[in-house]
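Here is a short briefing on the packing and one pocket of a protein model. Keep the sequence and the 3D view open as you read.

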Amino acid sequence: MDGHIQRAERPVPLLTAPDHQGHPPHAAELMAKQLKGANAAVRELLLALSVGFALPGPLPADLQNKFVSGTVEDLDALVDRAEAAGLLRPDGTVVGTAQHALLTATPTAKVHALQRELVTVFASAGQPLGNLARELARGGLADPRVAAELEQAANAVLENDPRLASQLYEEALLTGADPLATAARRAQAAAGDGELDAAARIIDALLVSPDPPDVRRGADVAASVWAQRGMLARGADVYSWLGPGRVGPSAPLAAVAMIGAGDRAAAEAFFRPDAPAASPTLLAAALVQTGQGILASLGDKPQQGISILIHASDMLNSAGTALPLPETPAALAALLALHSGEPHLAETVCKAAAAAGQGGNAAQPRLLLLQAWAAMMQDKLEDARLAATEAAKANHWPLVPRDEFMCAALEVGLARRNGDVPELLRAWERAREAMLHTSVDLYNLLPWGELLIAAARLRETRRVAQYLEDAWKLLGRLGGPALWSVPLHWSAVQAALLNESPADLAPHATALARASTHSQLAAVLATAGKAWVSVLAGRFRTADVESAARLLGAVGMPWEGARLAGHAAARADERRDMMRLLSCARDLHPQGSPAAGASGAAEVQAGTGTDAKAGQPDASGLSEREKEVARLVLEGKTYREIGEAIYISPRTAEHHIARIRRRLGAENRSDLLARLRLALGVEHSQPLNPQQE
């Protein structure tokens, strides 16, 4: 053949015209463009290798026929010439610039024809295309065989890597996959990667089609998306539309959504607790037990629901699958435990499920937030903050509305328990925004109860009134199940106490007393409610208050118990009673005592106004205890309120403040407030209660 292909040792002529970016063409690109005439066979070989064929073959049929007929020299000679020209690497791959030039200069129809022939070669050999399928799809090749392989690859990673699955499904569409046939799985992948809007659009297109394929999966995805949006009732509507005839193995999920929306009759029409699982698999059994557990929670023995749901959670952990669910069995088990006064159990269930990846990445924030809520109930506030922070950072997307609402309510609860009014106000503003993006369902009553109490504390009850009315209506439609109702009644009792409204308190106190026959928690809360009323009325027996406080600690509410004992101590007439109640408060809430970290038997030296933290001032001139008191002073709290907040007597609080004045050299109250702001090194707003203590 003539010498149109330049050998590596010969000078390569450069074209004078630069490319569109002003750069001269690469030598390999120039050589590729010169592959004409006698060098056409080299070009044909390089083009075949550029589209994916590999040495030593098989190669395209047309080129193979030329070898057989002798029309062109043998393969080894063509390879040698291409390598010598610098167009082919020793490993048999075409130099990148030459490959680009060949593919650009060749008509698209011819390139696609070669690619289809390549797919046939792989199919004949029974070999998967692998990453080549993705390259062919991105190159615009329409071929059902490539689409099928991409779909299979997406199906294989759908539960473990939804982001990759989304990419593979989109590439399958590029190469000719049926958009409707893949819609449910594409929506599942999008939802699993936090793309709720994209998932909703895909599902909408599926559900409005005349005969939607894979419709049960589509309904599961839709219900899961609605639940994450904080609108569980819309998910129940999807299952109602699907109907019992098409719901199949998703019947337990329909029951979860419908009960959560307050429609028990519809749930029972879809799911019978005694119905066998659709198959003997872990997954099928886990789903059936999820439905059984949630139905059991509505009965007279709701504790059975906890054990059933824990079994379901364990099985789903073992199955290792991440299905679209309106609620995971672990979340439901944790909710039942929290509503039953067993926060430690809720915490362990959530930790195990999160470690197992139950529900996939989309479910992780929910599990972490429930874990945080359980820690808050147990007065482990730092653990609660850490879990909440972990929930917010669990995924690359922001918290979905359901989880954002719970996180905001959790912040409110933490601020309220810290007695931090500025932080409570900031958390309340976040919660006000979050509540506008969600609605009431059975599974978010705990956050609504916390917001009810905070609203009463901040005189903002009107902000939550309509939501609480919806909550009572929902519980009424379900027959007022004790397990789900009792904590909300307790929240209403606390709100009524804060509002000093006996008329509002009475029906909830009555409901707690009535539920006491079926609920240990209700009995404890009814007793605590009576104790609170007696304390606020100034007519209480110390032994009764202490007993009620310790009972609250026993059902996972140590902070509430300590608060009750602290309030009673501030109102005790006898010093002996005051000391007894303060000791009880410290036992239940060691963080608030002067001997934090020591045993619960720390004593307050109320007569002298000193405590364990008072004697170690730092550079600001104040000890840690004095700083704690100073912050409360800046919030406008009275001696009594300071004592209740940190479990010291009003007289001790008075002594602290007097000593702080002496140390800072303050001449009057205004001077003291100014010096406190400077000493604490932070900006504080004017106190809410500017009265002199």
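A nonpolar core is a set of buried Ala, Val, Leu, Ile, Met, Phe, Trp, Tyr and Cys residues joined through side-chain atoms within 4.5 Å. The model is predicted. The points below cover its cores, one buried alanine and the second largest pocket.

**Nonpolar cores**
- The largest nonpolar core holds 160 residues.
- Y239, L442, Y443, L451 and W484 have the most contacts inside that core.
- Not counting residues up to four places away in sequence, L442 touches I259, G260, L298, L474, L475, L478 and W484.
- A second, separate core has 46 residues, including F53, V94, L129 and L150.

**A568**
- A568 sits in helix α31, which spans residues 558-571.
- A568 counts as buried because its relative accessibility is 0%, and buried means under 20%.
- Leaving aside neighbours within four places in sequence, A568 is in contact with V535, F540, V545 and L581.
- V535 is 33 residues from A568 in sequence, but their C-alpha atoms are 5.7 Å apart in space.

**Second largest pocket**
- This pocket encloses about 430 Å³ of space.
- Its lining comprises 33 residues, and L323, G359, G360, A362 and A363 lie nearest the centre.
- Sorted by class, the lining has 15 nonpolar, 14 polar and 4 charged residues.
- Helices α10 (183-192), α12 (215-228), α18 (303-319) and α21 (364-377) each supply at least two lining residues.
- α10 gives the largest share of the lining, with 4 residues.

How values were computed. Residues are numbered from 1 along each chain as its sequence is written. This is a predicted model: local features need pLDDT of at least 70, side-chain atom pairs count only at pLDDT 80 or more; totals for chains, interfaces and linings use all residues. Side-chain values use heavy atoms; hydrogens and water are left out. On a 1 Å grid over the protein atoms alone, a cavity is a set of points where a 1.4 Å probe fits but cannot get out, and a pocket is an open set with protein on both sides within 12 Å along at least five of seven lines; lining residues have an atom within 4 Å of a point. Grid points are joined across faces, edges and corners, and a volume is the space filled by probe spheres set on the points. Ala, Val, Leu, Ile, Met, Phe, Trp, Tyr, Cys and Pro count as nonpolar, Asp, Glu, Lys and Arg as charged, and the others, Gly among them, as polar. Buried means under 20% relative accessible area, exposed over 50%, partly exposed in between (1.4 Å probe, protein chains only). Contact means heavy atoms within 4.5 Å.
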